Amino acid sequence: MKTSIVPGYSKAPTTRRQTERLAIELPIVVKVLRKGKIPPEQTRTLDLSRGGASFSSKRPYREGTDLLLSFTDLRHLAPGLRQIPAQVVRVGKFGHPQSNAVAVQFADADLANVIFSELLRVEIRTSTALLGIIQALTPGAEMGSVIEEICRTAERALDAERAFLFLHDPHKKTLHLAVKSGQADGGIRIRVGEGLVGKAARSTRPTNVAALSADRRYRPQVEKYFNERTHSVLCVPLSRENGVSPGLLVIVNKRYSNFSREDEALGAAVASQISVVLREAGLFESIRDMKNYYERIMESITTGILTFD
């Protein structure tokens, strides 16, 4: 193996701590250092550890080649944490015959440890939130209870004061506030395209508002679900099905700060899982209604036969 020419490259032996790995796909840009005008390559990681990473590539990298890896999707990290020098240590075949799996060792051990620890923290936070959403779908649960648990999970995951869910009515082109049975807010509706929530529902990306009162989309006369204490708002459309989003997740008042880009990414992951859970909950509810329907029919038939006798 060639000796690295990347400044700051550590020749220390790999420790057990450095072998911890995350099987995670992240978009990256790979730039070859000191090799003339070779254009950067856009690809994705296959996994990541405290000591290095591997990524897929269609280029014939050689062992010992010095690279600069840029993480393009980690917008919540400081700019200095989005790039790290590395050296190719192994190249093997991957999937398609023309694709390679390139393993690299990071040149800056301290920077690599910070990046890995941050990614691990985000992965744990995201996994915990998604597990909470999945657990909301308990056998026999009513739709209202599922929605209530989803909102409480979103509040905990994003460290917010309140979360609520708007469901889309494509026929009336409105959004209605979904609440647990018996609560008074269930009659609240807003037209798609009206106010902050209505406009956010048209988007495919999260809408992040740091100061609600200063946002020109906000309609205080209509959007009564906000109040004078509302300052920060994050609106995240649920994943689309057949081109239509089933609703919008709205998270209100991030504690101690405003919603970050990391919160936007987490909100999008949570919203995607909510779409799945709502679909499954709706299916369970339909099956339960059908079962009750047939039971009533059988009861009527039985009653009729007994009466006839």
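1. Start with the largest nonpolar core of this predicted model. It holds 28 residues, and I147, I150, L165, L249, I251, I274 and L278 are the ones that touch the most other members. The elements giving two or more residues to this core are helix 1 (109-135), helix 2, strand 8, strand 12, strand 13 and helix 4 (261-308). Which of them gives the largest share? That is helix 2, with eight residues.

2. I150 is a good residue to click on if you want to see this core from the inside. Leaving out residues up to four places away in sequence, I150 touches I133, A136, I274, V277 and L278. Two of these, I274 and L278, are also on the list of core residues that touch the most other members. There is another core too, lying apart from the one above: it has 26 residues, among them A53, L69, V102 and I115.

3. Now for the overall picture. The protein has four helices and 13 strands. Of its 309 residues, 42% are buried. Take the contacts between residues at least 6 apart in sequence: 59% of them join residues at least 24 apart.

4. Next, the sheet that helix 2 lies across. Six strands make up an open sheet in the order 10-9-8-13-12-11, and the pairing is antiparallel. Strand 10 (189-191) and strand 11 (207-209) are the edge strands, each pairing on one side only. On average, neighbouring strands here are turned by 20° against each other, direction ignored. At the strand 10 end, strand 9 (residues 174-178) pairs with strand 10 over three bridges, in the antiparallel sense. If you'd like one bridge to look at, L175 has I190 in strand 10 as its partner.

5. How does helix 2 sit relative to strand 8? The helix (residues 143-158) runs at about 135° to strand 8 (160-169). Besides strand 8, helix 2 lies across strand 9, strand 12 (233-237) and strand 13 (247-254).

6. K254 deserves a look of its own. This lysine is in strand 13. Is K254 buried or exposed? Its relative accessibility is 11%, so K254 counts as buried, the cut-off being under 20%. What does its side chain meet? There is a polar contact with the side chain of D263, at 3.3 Å. Setting aside neighbours within four places in sequence, K254 is in contact with R125, L158, D159, A160, H231, S232, F259 and D263.

7. On to the aromatics. The count of aromatic pairs comes to seven. One of them is F164 with F226: the ring centres are 6.3 Å apart and the planes are at 50°, so this pair is tilted. Why does this pair tie together parts that are 62 residues apart in sequence? Because F164 lies in strand 8, while F226 is in the loop between strand 11 and strand 12. Both residues are buried.

8. F226 has a further aromatic partner, Y218. Here the geometry is edge-to-face, with 6.0 Å centre to centre and 65° between the planes. Y218 is buried at a relative accessible area of 16%, and F226 is buried at 5%. Both also belong to one aromatic cluster, formed by F164, F166, Y218, Y225 and F226.

9. Finally, strand 5 (residues 66-71). How many of its six residues are buried? Six of the six are, so strand 5 is largely enclosed by the rest of the structure. The side chains divide between two directions: D66, L68 and S70 point one way from the strand, and L67, L69 and F71 the other way. One of these, L69, turned up above in the core of 26 residues.

10. Strand 5 also has partners to trace. Strand 2 (residues 27-32) pairs with strand 5 in the antiparallel sense, over five bridges. Strand 6 (residues 83-93) is likewise antiparallel to strand 5, and again there are five bridges. L68 is a handy place to see both pairings: K31 has L68 as its bridge partner, and L68 stands opposite P85 in strand 6.

Note on methods. Residues are numbered from 1 along each chain as its sequence is written. This is a predicted model: local features need pLDDT of at least 70, side-chain atom pairs count only at pLDDT 80 or more; totals for chains, interfaces and linings use all residues. Side-chain values use heavy atoms; hydrogens and water are left out. Two strands pair if DSSP finds at least two bridges between them. Axes are lines fitted to C-alpha atoms, for helices over the stretch in contact, and angles run from 0 to 180 degrees between N-to-C directions. Contact means heavy atoms within 4.5 Å. Buried means under 20% relative accessible area, exposed over 50%, partly exposed in between (1.4 Å probe, protein chains only). A polar contact is a pair of N or O atoms within 3.5 Å; within protein, one must be able to donate a hydrogen and the other to accept it, and residues adjacent in sequence count only if both atoms are side-chain atoms. Rings of Phe, Tyr and Trp (its six-membered ring) pair if their centres lie within 6.5 Å; planes under 30 degrees apart count as stacked, over 60 as edge-to-face and the rest as tilted. A nonpolar core is a set of buried Ala, Val, Leu, Ile, Met, Phe, Trp, Tyr and Cys residues joined through side-chain atoms within 4.5 Å.
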